Amino acid sequence: MEDPRHRSDRFELIAACEGTALVELAELVLDGETTVEIRQAPKPQLVMQRVRDPVHADVFNLGEALVTGAEVELAGERGFAMVAGRAEASAVAGAIVDAAIEADHPEADRLASALTETRLEREQRRKRQWAESTATAVDFESMEGEL
Amino acid sequence: MGYVAVEAGEEVIERAEQLFEKRRTEGESDPVSIDQIDEQFGRLVGQVMNEGGLYAPKLAARALKQAQGDTVEASFLLRAYRSTLERWDDSVPVSSDEMFATRRVSPAYKDVPGGQILGATKDYTQRLLDFDLDGGDDPTADWDLEEAEPESLRNVLEILREEGLLAEPSAEDDGEDYDTTREPLVYPAPRSAILQELARGETGAITALGYSTLRGYGSVHPTLGEVRVGSLPVQIEHPYTGDPVEVTSVEVSECESVVPEYEKRDDAQFSFGYGLVFGRNERKVIGMSILDASTQLEGNEPVHDTEFVCQIVDGVDSFGFIEHLKLPHYVTFQSTLDRIRAIRERTADGGDSPATTEVSGDD
C-alpha cells in the first residue's frame with residue numbers, strides 16, 4: 001500500500017486520482033492565505049513508452065503517451081504532479097496537493113486520506129475487472145477421441 | 001520532374017471544407033459526443049492511437065469525429081498534434097509480465113499456467129447482426145463473482161525457454177532502442193526500429209502482409225504462443241526522488257508467435273515473432289508478430305524484406321502517396337502528353353522507332 005506521506009508513492013496516488021477530485025482537494029489548500037507559486041506551468045507533453053520484448057529482451061519504443069505535468073511551490077516546498085491526457089487543471093491541482101502534504105499544510109491529513117481512499121477505489125475496480133475476466137476462464141479439451 | 005504549384009480561390013477551398021463539415025452535422029440525430037466515441041468505439045479509438053503512435057483516447061476520439069470515421073485521417077491528425085508537443089522523457093522500460101491482463105488465450109498450450117482467460121470476446125460465437133443491440137442492460141449484472149487479487153500471468157514462452165527450445169538472440173539483436181520518430185530509418189534497420197514501425201503500421205497493411213505469408217508468399221506459418229489484452233504501466237523517473245513511478249497505464253494487445261527455425265536443423269529450435277500495440281487490436285498484433293518473425297528470417301518473398309515491409313506498412317505514408325494523386329498534376333500530365341504525341345508523330349512520319357520514355361519517378 002502506498003504511503004501518501006512518501007513523495008514517490010504520493011505521485012502515483014495523485015496520478016491515479018480523477019481530475020475533478022484533484023481540483024476539489026486543491027481547493028481545500030487554496031484558502032486565501034496560502035500562496036502558491038507556479039514553477040512550471042501545466043502543459044501537455046509526451047512520454048515515450050519503452051517496452052522490453054519477452055524473449056529477446058530487446059527494448060523498443062511502442063509509442064508516446066500524452067501526459068500533463070506541472071510544478072508549484074507552496075510554503076517553501078515544491079510540488080510536482082503529472083497526470084494522463086491533456087489535463088492542465090488536474091496537473092496544477094495535483095502539484096498543489098503534493099506540495100501541501102510535503103509542507104504539512106493544515107489540510108495535509110485530509111488530503112492524504114483522500115488520496116488513500118482513491119487508491120482503494122482503484123484497487124477495488126481492478127479486483128472487479130479481474131473477477132470478471134477469471135469468470136471467463138476455460139479448459140479447452142481436445143476432441144480427437146470423439147471424432 | 002519536380003512539382004509545379006497551382007493556385008485556386010481560397011474562398012472556394014474554404015467552402016469545400018465547410019461542405020465537408022456540413023455532411024457530418026446535417027442529419028437529424030444529435031451530434032455524437034467525444035465520450036460516446038471513446039466509450040463505445042474502443043476498437044476504433046485503439047486503432048487510431050496505435051497507428052498515430054500516441055496514446056490519448058479522448059484526442060483519438062475527437063480525431064475520429066473530425067475525420068468522420070476515417071481512421072488514417074484521424075491517425076494523421078494525432079501525429080500532427082503530437083509533433084507540436086515536447087517530450088518529457090522516455091519511460092522506464094516495462095516488461096509484459098507487468099501487464100494487468102484481462103484476456104489471455106494460448107493456442108499453443110492447452111493447459112497454460114494461469115489458465116485460458118477468454119475475457120471480453122465474441123471469438124467463439126456466430127457473427128450475426130443483432131437487431132436488439134440498443135438494450136442498454138448490463139448482461140453481467142447477475143454474475144456471482146468472487147473478487148480476488150489480480151495475478152500476474154506467466155509468459156507462455158518461458159516454458160519453451162526452460163526447455164532450451166527458443167533460439168537465443170544473435171549479437172546484433174542486442175542493440176540499443178532506436179526511435180524512428182526522431183531518427184531517419186536506414187537499412188539494415190535494428191529490430192527495435194522495425195518493431196516501432198510495425199506497432200505504428202496501418203492495421204490493414206499489417207494484416208495483409210501477415211496474411212501473405214500464411215498463403216504461401218513467405219516461410220512463416222506460426223503457432224501463437226499467446227494473445228493477451230490488458231494494461232501496461234507507464235513509468236517515469238520522479239524528478240525529485242529518482243524512483244520509477246507510474247503516471248498512467250495504457251491498454252495494449254500483445255501476441256507472441258512461435259515459428260520453427262528451419263535453418264537450424266542440426267539443433268532444432270523455435271524462432272519467434274512479437275507483437276504489441278496500443279489498444280485492443282488483436283488482428284494487427286498477430287500480423288505484427290508474423291512480420292517480426294518473417295523479417296528476421298531469410299527468404300525471397302516480400303515479407304522477408306525488412307525494407308519493403310517497413311516502407312509499405314505505414315498508413316500515413318501510404319495515405320499521403322496514394323491520395324496525393326488526386327491533387328492537380330496538370331503540368332506533369334501535359335508533359336507526358338507532349339512526349340506521347342511526339343512519339344506518335346515520329347511514328348506516323350515513318351521515323352525510327354523511339355526508345356521507351358519513362359515517366360519520372362518523382363511524379
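## Helix α10 and the meeting of two chains

In helix α10 of chain B, which spans residues 306–313, the buried residues are Thr306(B), Val309(B), Cys310(B) and Val313(B). Viewed along the axis of α10(B), these buried residues fall within an arc of 90°, so they line one face of the helix. A little background helps here: an α-helix has 3.6 residues a turn, so residues three or four places apart point the same way. Keep in mind that this is a predicted model.

What do the buried residues of α10(B) pack against? Their partners in chain B are α7 (191–199), α8 (203–214), α9 (282–296) and α11 (315–324). At the N-terminal end, α10(B) is capped by Asp305(B), with a side-chain oxygen 3.1 Å from the backbone nitrogen of Glu307(B).

Now let us turn to the place where chain B meets chain A. About 6,400 Å² is buried between the two chains, and carbon and sulfur atoms give 59% of that area. On the side of chain B, Trp88(B), Glu147(B) and Tyr240(B) lose the most area to chain A, together 11% of what that side buries.

Here are some counts for this interface:

| Item | Value |
|---|---|
| Residues from chain B in the contact | 82 residues |
| Residues from chain A in the contact | 58 residues |
| Salt bridges across the interface | 7 salt bridges |
| Polar contacts across the interface | 32 residue pairs |

Strand β7 of chain B (residues 244–260) gives the most to the side of chain B that touches chain A, with 10 residues. That side divides into 43 nonpolar, 18 polar and 21 charged residues. In one salt bridge, the side chains of Asp53(A) and Arg191(B) meet at 2.7 Å, N to O.

Notes. Residues numbered from 1 in each chain as written. Chains lettered and ligands numbered in written order. Predicted model: local features only at pLDDT ≥ 70, side-chain atom pairs only at ≥ 80, totals over all residues. Heavy atoms only, no water. Buried < 20%, exposed > 50% of the residue type's maximum accessible area, 1.4 Å probe, protein only. Helix = DSSP H or I, 4+ residues; strand = E, 2+ residues; numbered from the N terminus. Arc of directions from axis to C-beta. Contact = heavy atoms within 4.5 Å. Polar contact = N/O pair within 3.5 Å; in protein donor to acceptor, adjacent residues only side chain to side chain. Buried area = accessible area lost by both parts, 1.4 Å probe. Salt bridge = Lys/Arg side-chain N within 4 Å of Asp/Glu carboxyl O. Nonpolar A, V, L, I, M, F, W, Y, C, P; charged D, E, K, R; others polar.
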